[in-house]
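User: I would like to go through this model by question and answer. Please keep to what can be computed from the atoms.

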Amino acid sequence: MPFSHLLDTSVYCQPIKPRPLDGVRQRRTALGDDALAISAICEAAVFYGLELKGSQRLNALYDGLLKNRLRVLPVDSGIAKHFASLKAWARINGRVLADLDLLVAATARAHKLTLATLNIRHFRGLPNLNVEDWSPRI
């Protein structure tokens, strides 16, 4: 089965959170690791968090639960073109969006993947981007 979803950092790091969301775990399990990928940007964000915390426990959790588990998609010139398109769209439409979020969105769009997130507001309305909100429904 080819991969179908790109996880943003909010979804990807759930297994090492103090209280991981059960719905995210269920959705990941239902799809399976072979259907999932992350952007190198997401991996960088997780590495940054691990460095910042400096926790042996968190590093061990990362090594046991996340390290080398999903395909990591690099940022290349194709992603850069999609990023430029999304950033221009955001500016023209008066949206202020973080460049790292736009790079993750560009990665999903370039690979025709559905972007799974807990932060739907970061990605809502971006053109030619399929987004799934994995946040708990209240």
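User: Which helix supplies the largest share of the lining of the largest pocket?

Analyst: This is a predicted model, in which local features need pLDDT of at least 70 and side-chain atom pairs count only at pLDDT 80 or more, while totals for chains, interfaces and linings use all residues. Residues are numbered from 1 along each chain as its sequence is written, and side-chain values use heavy atoms, with hydrogens and water left out. On a 1 Å grid over the protein atoms alone, a pocket is an open set of points where a 1.4 Å probe fits, with protein on both sides within 12 Å along at least five of seven lines, and lining residues have an atom within 4 Å of a point. Helix 1 (9-12), helix 3 and helix 4 each give at least two lining residues, and the largest share, six residues, comes from helix 3.

User: What is the volume of the largest pocket, and which residues are closest to its centre?

Analyst: A volume is the space filled by probe spheres set on the grid points, which are joined across faces, edges and corners. For the largest pocket that gives about 350 Å³. Its lining has 14 residues, and the closest to the centre are C13, I16, K17, G49 and K53.

User: What is the strand order of the open sheet?

Analyst: Helices (H or I, at least four residues) and strands (E, at least two) are DSSP runs, numbered from the N terminus; two strands pair if DSSP finds at least two bridges between them. Strand 1 (residues 5-7) pairs with strand 2 (residues 36-39) over three parallel bridges, and three bridges also join strand 2 to strand 3, again parallel. The five strands, with parallel pairing, have the order 3-2-1-4-5. The edge strands, each pairing on one side only, are strand 3 (71-73) and strand 5 (131-133).

User: Which residue of strand 3 stands opposite A37?

Analyst: On the strand 1 side, H5 has L36 as its bridge partner, and L7 stands opposite I38. Within strand 2, L36 and I38 point one way and A37 and S39 the other, and all are buried (under 20% relative accessible area, 1.4 Å probe, protein chains only; exposed is over 50%, partly exposed in between). Opposite A37 in strand 3 is R71.

User: At what angle to strand 2 does helix 3 run?

Analyst: Axes are lines fitted to C-alpha atoms, for helices over the stretch in contact (heavy atoms within 4.5 Å), and angles run from 0 to 180 degrees between N-to-C directions. Helix 2 (residues 22-31) lies across strands 1, 2 and 5, at about 145° to strand 1. Helix 3 (residues 40-53) lies across strand 1, strand 2 and strand 3, and its angle to strand 2 is about 70°.

User: Is Y62 buried or exposed?

Analyst: F47 in helix 3 and Y62 in helix 4 (residues 56-65) are 15 residues apart. F47 counts as partly exposed because its relative accessibility is 38%. Y62 has a relative accessible area of 6%, so Y62 is buried.

User: Which residues does T107 contact beyond its neighbours within four places in sequence?

Analyst: T107 is found in helix 6 (residues 99-110). T107 counts as buried because its relative accessibility is 0%. Leaving those neighbours aside, the contacts of T107 are L6, S39, L73 and I79.
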